[in-house]
Amino acid sequence: MLKINGNQIKLIVTDIDGTLITDKQELPTLVQNKLLALQAKRIAVSIASGWMPLGFDNYTRELKIKNYCQYVIGANGALVYDTKNNKSIYSNLMPVSDLVIVIDILLKYQCDFTISYQDYDNLYCVGEELLKIKSKPGAFLDGMKQVKPFCFDDIRIANKIVAKHSSKIMFQEMYTSLKQFLNINVEPLSEYGCDIVHGNSNKVQSILHLIDILNQRQEREIKLENVLYFGDNYNDRSVFEILPYAIAMEHSPTPILNLAYDVASSNKYRRNLSLFK
């Protein structure tokens, strides 16, 4: 039985990039086997990522989440996805009216970005160089099947936008402008890039929805003190502010480290291998 301060852990949720996987985008065997063993003991395991659910489907399959917890979180909390039935069961997406304002800001600052729409298989790109990169065989399309040039006249309800500027100074100006628009949630990824989702979408809100779903559909009886979270970046901040047991990787930004219940080692060659001893 896994306990922290006398509280039984019934749900483990982890970020992916920089947390669950190595620098080579691989899931360490030790971590995989430990999480599979915990699930066999009825401890639910889920993923909460900035990526779209189909963008990390390989890790979902390696952890056999479909056979246990069944649900994962994508697009920085904009979606809770049912891996068994291949559909979203909760979503909080950006309406066209908000997208027009956001995209106007991005275009004003000549920022490259990608956007994915609800129930569409295409990833739409702004920026010639970005379009070339995403058009190459094997390029990461975040679960989408193909890439196409963005068309302003064809805007639809969107899952998320990923924006990246070539200029650090221009990005900071653009980021400040975006943050003034309260209908969106702007999650910094680096000094040059950010994710943009609906204003009420973040990881902790989706984890709360996930808890309700598991309690109602699987009779799990999970409370906040029964959840263990692993993350490493600013888009995990909402979780670290609310959940009592949120563990940060040692390379996390200082504000995340300051909020963490504990810090996990993540050296270059053995990242995550000691997390679940």
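**Exercise 1. How many salt bridges does the rule give, and what is the rule?**

Solution. The count comes to 8 salt bridges, where a salt bridge is a side-chain nitrogen of Lys or Arg within 4 Å of a carboxyl oxygen of Asp or Glu. Before going on, keep in mind that this is a predicted model, in which local features need pLDDT of at least 70 and side-chain atom pairs count only at pLDDT 80 or more, while totals for chains, interfaces and linings use all residues. Residues are numbered from 1 along each chain as its sequence is written, and side-chain values use heavy atoms, with hydrogens and water left out.

**Exercise 2. Describe the salt bridge of lysine 145 with aspartate 121, and state how exposed each partner is.**

Solution. Start with the distance: the closest N and O atoms of lysine 145 and aspartate 121 are 3.8 Å apart. Next, place the partners, which are 24 residues apart in distant parts of the chain: lysine 145 is in the loop between helix H4 (128-135) and strand E10 (146-149), and aspartate 121 is in the loop between strand E8 (112-117) and strand E9 (122-126). Here helices (H or I, at least four residues) and strands (E, at least two) are DSSP runs, numbered from the N terminus. Finally, apply the accessibility classes, in which buried means under 20% relative accessible area, exposed over 50%, and partly exposed in between (1.4 Å probe, protein chains only). Lysine 145 counts as exposed because its relative accessibility is 67%, and aspartate 121 counts as partly exposed because its value is 43%.

**Exercise 3. Are lysine 203 and aspartate 236 buried or exposed, and which network holds them?**

Solution. The closest N and O atoms of the salt bridge between lysine 203 and aspartate 236 are 2.8 Å apart. This pair, too, links distant parts of the chain, with lysine 203 in helix H6 and aspartate 236 in the loop between strand E14 (227-231) and helix H7 (237-242), 33 residues apart. Both lysine 203 and aspartate 236 are buried, and a network of salt bridges links them with Asp15.

**Exercise 4. Which residues have the most contacts inside the largest nonpolar core, and what does isoleucine 47 touch?**

Solution. A nonpolar core is a set of buried Ala, Val, Leu, Ile, Met, Phe, Trp, Tyr and Cys residues joined through side-chain atoms within 4.5 Å. The largest one has 51 residues, and Leu11, Ile12, Ile47 and Tyr229 have the most contacts inside it. Helix H6 (residues 203-218) gives the most to this core, with 6 residues. Leaving aside residues up to four places away in sequence, isoleucine 47 touches several residues, including Val13, Leu20, Phe56 and Ile73, where contact means heavy atoms within 4.5 Å.
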